[in-house]
Amino acid sequence: MSAFKDFDTTWVMVVDIDKCTGCGACMAACQTENNIAPQPDASNKLRTVSWMTVYELSNKMPFPDHDMAYLPRPCMQCGNPPCVSVCPVIATDKNENGGIVSQIYPRCIGCRYCVAACPYHARVFGWYDPVWPEGMQKTLTPLTSTRPRGVVEKCNFCHHRLNLAKDAARAQGKNPEDLEDGAYKPSCAEICPTGAISFGDAKNAKHKVHELIKSPNAFRLLERLGTKPQVYYYSKREWVRRQGDNYLKSEKV
Amino acid sequence: MGIDRRAFIGLVAGGVAGTLFTPIPWKMADDLSIWSQNWSWIPRVPKGPVAYAYTSSKLCPSGTGLKVMTVGGAPVTAAGNPDHPLSQGGVSSIGRSETYMLYSPARVKSPLKKVNGKFEPVTWEEALTALAEKCKAAGAKIACVSGDQTGTANEVLSAFIAKQGSSAYYMVPSEKQSAAKAWSLMGGAGQPGFDVDNADCVFILGADMFETWGSSIRNRKAFGASRDASGDAKAAFIYAGPERDGTGSVCDAWIPVKPGDLAMVALGVAWILMEAGAMPSGPGAAEFVSYVKSNCSPDKVEAACGLKPAVLVGVAKMLAGAKAPLVVPGSPCGQGGSAAAFMAGMALNMLLGRINKPGGVVALPALPKAVDGAMDQADILKNDLLAFLKDAGAGKAPEAVLFYEANPAYGLPEADAMAEAIAKIPFKVSFASFMDETAALCDLVLPNSLTLERFDDVASPYGVAFNVYSLVKPLTKPIYDTRTTADFILALAEKMGASLGFASMEEVLKAKVEALALAGGFIAKDVQPWQALAGSSAPEPSADLWADLEGGYAWVLAAGAEQTGLGYAGGVLAKAVKPIEGKVVLAPYARQTSGTPVMGIPAQNLTIVPDNELINTATFVKMNAETASWFGVSEGSSITIEGAGQKLPVKVHLSENVMTGVIAAPLGFGHSAFDQYSKGKGVNILRVLAARVEEGAGVAVWDGAAVNIA
């Protein structure tokens, strides 16, 4: 496993699970922002392409004591990414200020080592050529390149938006390495109807997430693997936080 | 000289060895690897200047403002407009689909006429002539069915049939219509609205308000604003309904209640409030008190619904202890809601003194009309589409029916009977943008341009606590040979010598905006309408309202209608409150991921539909383990649901989110029309859902129904 990489800027996402209604708007936003083709048979979830997936959590109690929650899962942009060290062709790397794990499609040879290495199932393999119905390709965005079948793809925190935010800062004579809170937001965070997804620089005290991640209710998935994800979750419900890792019954969360 | 065996072998071996020293085999192997892996062409991303334009969503019932990204002038993605009060940057998966659905394979690409059972393209001029003839022949025997809950196009269409001498204008049933009927039974004025933003304790009585009820993006924004992760929640939310899903999953408490029992639960809370000293007054109060005192004590509610008295006491205490409590009644599936539940919920609001208060119920006065002769919204909402179609099925159909943004052949309860009734209408025209089930039955299909291609508007979606108006303007030329229906109807009226006084929808909207400017109100920029409701002073009216609306801003009017005749309708409630009899109740639910009846499942949304709702062509219904044990079924079992004279094959998903005795089933699947993203995906649950008529209220209800399982 590669060593932990720290950066002056660390882009983090904080998902407030207690506010997520599971509506799927984040998934819809992600798909069209990042030019993922519609899939006529999308019910086989092992073969569909989706960079953001909303999972349903259950406290495993019978009715009426049952409780549930939704957990949207993008790429965790791990501080110590297991996918990077296994890539034989350096198609994925973590080397830019901000800590976003890159994915370079033309370099990817489709070996899927990274898919196997990712403990979060955040990486997807394109099993089929992307096909848009006639004319629909005219609604592709200029932001993310299209990918052929046979390569691995994943969420990149809408990295193009970071570039756009930096450009906008430069145009305004501001420091592109010190963006204001909210100047850069991935598409999912922007359109979430309940505002469950917060985004910002964890190292910047002026950004809301700087404080949010310090909350005792904030947690990361499978933290004890040492992957140091840059995606945090937040829930006041103990059973939700407990599902963030493989805790023993005797352990407190 | 002969070639012996040894020479032959030597020749072959020498040839092979020789060939290996040439580049031929290596080149061939290389070519083979290239040509056998020849990746097919994939689309490249567009190039061009990126800009943003503003409009509002007509496909999404939330009526959200949209911020559309364009590349070289062509729309590519739709996000929520951060400066619009109904979206504040949020958008649903339906609103998001406004751009790519322009190219949906299900779009009707030109006017179509049915000849010998098959559609053939015709020109707009031919269609205009044909329809004018039919309309003249039909005279007053013409009707219109509209699914557009918020548009001024309804004024154009209703004025058109009114000129013909008809008042047969029907809205596709919605939460808005259920509420309007129940609210008028209580003597209420205006369109009921709920100020969720200023409430500090919201008791949600059945309404799936974060998914399908009202302006759900606005509701979710209000919910989100009430609970900042860095502090304590500013408002408590309690959900009562058959399933803990979507809305229920984020509320502070879930009270499991079957669809037919929602009224009883609300009245049980009313009983406790009355015991604590709340005293109803006004029309119908005496009957209300008498009915509630003798029938809705907590022990009687427990006997009827299985709810422990302590639960009701808890709700009553939370409501009574809150500064700004609010009860939001509605349907768990976004349609066919119970009038009894609505009246009971509103009675609670009245008991708590929450009418025309910040954080309470604010009913909206009707907005001025632009088209002379157009029917009033309130009158239109009194017309019952279900009864109309049942009459049509019995041979009492008018000569001609126009369907605008409506797909009743799919989207109504007892869908098979509805489709049969529609088939019996002598001449029918659909203005559908997509080839839906109703359009497939019609004689003429005259495609309406989509949101991003037309002038239209969104006026006060149901549920909001302030009048709000936003403009829909074309951001691109029509992709196919489609027209704005309102423009076509104006031309049709002109051709028939019954001009409506406008040449285009744009002119109609300008007249509407002029009328709005005279009504007061302001542009929601620095002050939001919920802030005005809470007492902030409203800014000056806009100097150029049309320009502001074109810029994506919304006009708002934060003032409630005066209530002079509002009462408890105790007599009606006493008759209407009845549980659904049956061992197991089918409780439908709707998700925005599966689109709406007029658009089918948006192409990109199929990936979002979870695999506990749809796998290949199988629809999954949810029930808990105890209910499953009654029928001896388990996860993945195939069962048949019988109801309304129909049988539907479905599969079982075990979910403890569903209360015992209830089967929760997703709407939005089982289309027989549209495209590969909708057609044949699952089953349409509405086919087994029978509507029941609530006695006293006389309102058809289908938020749940008793069914048999085999």
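**Strand pairing in chain B and its interface with chain A**

In strand E14 of chain B, the residue opposite Lys113(B) is Leu444(B). This pairing belongs to a predicted model, in which strand E4 (residues 112-115) of chain B and strand E14 (residues 444-445) of chain B are joined in the antiparallel sense by 2 bridges. Within E14(B), Val445(B) serves as the bridge partner of Leu112(B). Leu112(B) also stands opposite Pro121(B), a residue of E5(B). The pairing of E4(B) with strand E5 (residues 118-121) of chain B is likewise antiparallel and comprises 4 bridges. These two strands, E4(B) and E5(B), make up a hairpin with 2 residues between them. In the turn of this hairpin, Asn116(B) adopts a positive phi of about 50 degrees.

The strands E5, E4 and E14 of chain B belong to an open sheet of 7 strands, arranged in the order E5-E4-E14-E13-E12-E6-E7 with mixed pairing. The edges of this sheet are occupied by E5 and strand E7 (169-171) of chain B; each has a single partner strand, so one side of each is left without a neighbour in the sheet. In a regular strand, side chains alternate between the two faces of the sheet.

A further open sheet of chain B contains 4 strands in the order E10-E9-E8-E11, and its pairing is parallel. Its edge strands are E10 (253-256) and E11 (325-329) of chain B, each of which pairs on one side only. On average, neighbouring strands of this sheet are turned by 15 degrees against each other when direction is ignored. Strand E9 (residues 236-241) of chain B runs parallel to E10(B), and 4 bridges join the two. Ile238(B) has Ala253(B) of E10(B) as its bridge partner. Helix H13 (residues 339-351) of chain B lies across strand E8 (201-205) and E11 of chain B, and the helix runs at about 170 degrees to E11(B).

The interface between the two chains involves 71 residues of chain B in contact with 67 residues of chain A. About 5400 Å² is buried between chain B and chain A, and carbon and sulfur atoms give 57% of this area. Across this interface, 23 residue pairs are in polar contact, with both residues at pLDDT 80 or more. The side of chain B that touches chain A draws at least two residues from each of strand E2 (65-71), strand E3 (74-80), helix H3 (93-96), helix H7 (216-226), helix H8 (247-250), E10 and strand E20 (614-615) of chain B. Classified by residue type, this side of chain B has 33 nonpolar, 24 polar and 14 charged residues. E10(B) is therefore both an edge strand of the parallel sheet and a contributor to the side of chain B that touches chain A.Salt bridges also occur across the interface of chain B and chain A, where 3 are found. In one of them, Arg244(B) is paired with Asp67(A), and the closest N and O atoms are 3.3 Å apart. Over all chains, the structure holds 46 salt bridges. Among them is the pair formed by the side chains of Arg149(A) and Asp129(A), with an N to O distance of 2.9 Å. This pair links distant parts of the chain, the two residues being 20 residues apart. Both Arg149(A) and Asp129(A) are placed in the loop between strand E4 (124-125) and strand E5 (152-153) of chain A.

Note on methods. Residues numbered from 1 in each chain as written. Chains lettered and ligands numbered in written order. Predicted model: local features only at pLDDT ≥ 70, side-chain atom pairs only at ≥ 80, totals over all residues. Heavy atoms only, no water. Pairing = 2+ DSSP bridges. Axes fitted to C-alpha atoms, helices over the stretch in contact; angles between N-to-C directions. Contact = heavy atoms within 4.5 Å. Buried area = accessible area lost by both parts, 1.4 Å probe. Salt bridge = Lys/Arg side-chain N within 4 Å of Asp/Glu carboxyl O. Polar contact = N/O pair within 3.5 Å; in protein donor to acceptor, adjacent residues only side chain to side chain. Nonpolar A, V, L, I, M, F, W, Y, C, P; charged D, E, K, R; others polar.
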